[in-house]
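This report looks at charged side chains and their partners, and at the strands that carry some of them. Please keep the sequence and the model in view while reading.

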Amino acid sequence: MEAKNTRDGRMWEPEFLTAIDPETCIGCGRCYKVCGRDVMTLKGVNEDGDIVELEDEDDDDFDRKVMAMNDIGACIGCGACARVCPKDCQTHTKASEAEALGV
């Protein structure tokens, strides 16, 4: 995928969300709230440090909760999630680089 023009002719290349660092993420959900495409989901981190599915959001079996990738292919590269993330825990990849990496 190559850079495209915006409506007024400026060049723009989408940067897709390709990863979320579970060590940095605080699970605040701001990114999830601005993304209408289900690219991310909330997961739990158990006492062994494994990222696991949440069966009940109020479950006390988790040390903490983090955002994780859900549907990487649904990302349109708008960057809204990066703008609201207070911890800068996301990795975004330019569309041209994402294709080369296979993500």
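In this predicted model, Glu13 is buried and yet has no salt bridge, the nearest side chain of opposite charge being that of Lys94, 4.5 Å away. A salt bridge here requires a side-chain nitrogen of Lys or Arg within 4 Å of a carboxyl oxygen of Asp or Glu, so the 4.5 Å between Glu13 and Lys94 does not qualify. Glu13 is found in the loop between β2 (11-12) and β3 (15-20), and its side chain has polar partners of another kind. One is the side chain of Ser96, joined to that of Glu13 by a polar contact of 2.7 Å, and another is the backbone nitrogen of Ala95, which the side chain of Glu13 reaches at 3.4 Å.

**Salt bridges**

Side chains of opposite charge can pair when their charged atoms come close. By the rule used here, the count comes to three salt bridges, and the table sets them out with their N to O distances.

| Acidic residue | Basic residue | N to O distance |
|---|---|---|
| Asp8 | Arg10 | 3.0 Å |
| Glu15 | Lys94 | 3.6 Å |
| Glu53 | Lys43 | 2.6 Å |

In the salt bridge between Glu15 and Lys94, Glu15 lies in strand β3 and Lys94 in strand β7 (residues 90-94), so the pair ties together parts that are 79 residues apart in sequence. Glu15 is partly exposed, with a relative accessible area of 32%, and Lys94 likewise counts as partly exposed, at 34% relative accessibility.

The salt bridge between Glu53 and Lys43 joins the loop between β5 and β6, where Glu53 lies, to strand β4, which holds Lys43, and so the pair ties together parts that are ten residues apart in sequence. Here Glu53 is exposed, with a relative accessible area of 53%, whereas Lys43 is buried, with a relative accessible area of 16%. As for the salt bridge between Arg10 and Asp8, Arg10 is exposed, and so is Asp8.

**The sheet that includes β4**

Strand β4, which holds Lys43, belongs to an open sheet of three strands in the order β5-β4-β6, with antiparallel pairing. The edge strands of this sheet are β5 (51-52) and β6 (64-69), each of which pairs on one side only. Between β4 (residues 40-45) and β5 the antiparallel pairing runs over two bridges, and Val45 stands opposite Ile51 in β5.

Note on methods
Residues are numbered from 1 along each chain as its sequence is written. This is a predicted model: local features need pLDDT of at least 70, side-chain atom pairs count only at pLDDT 80 or more; totals for chains, interfaces and linings use all residues. Side-chain values use heavy atoms; hydrogens and water are left out. Helices (H or I, at least four residues) and strands (E, at least two) are DSSP runs, numbered from the N terminus. Buried means under 20% relative accessible area, exposed over 50%, partly exposed in between (1.4 Å probe, protein chains only). Lys and Arg count as positive and Asp and Glu as negative; His and the chain ends are not counted. A polar contact is a pair of N or O atoms within 3.5 Å; within protein, one must be able to donate a hydrogen and the other to accept it, and residues adjacent in sequence count only if both atoms are side-chain atoms. Two strands pair if DSSP finds at least two bridges between them.
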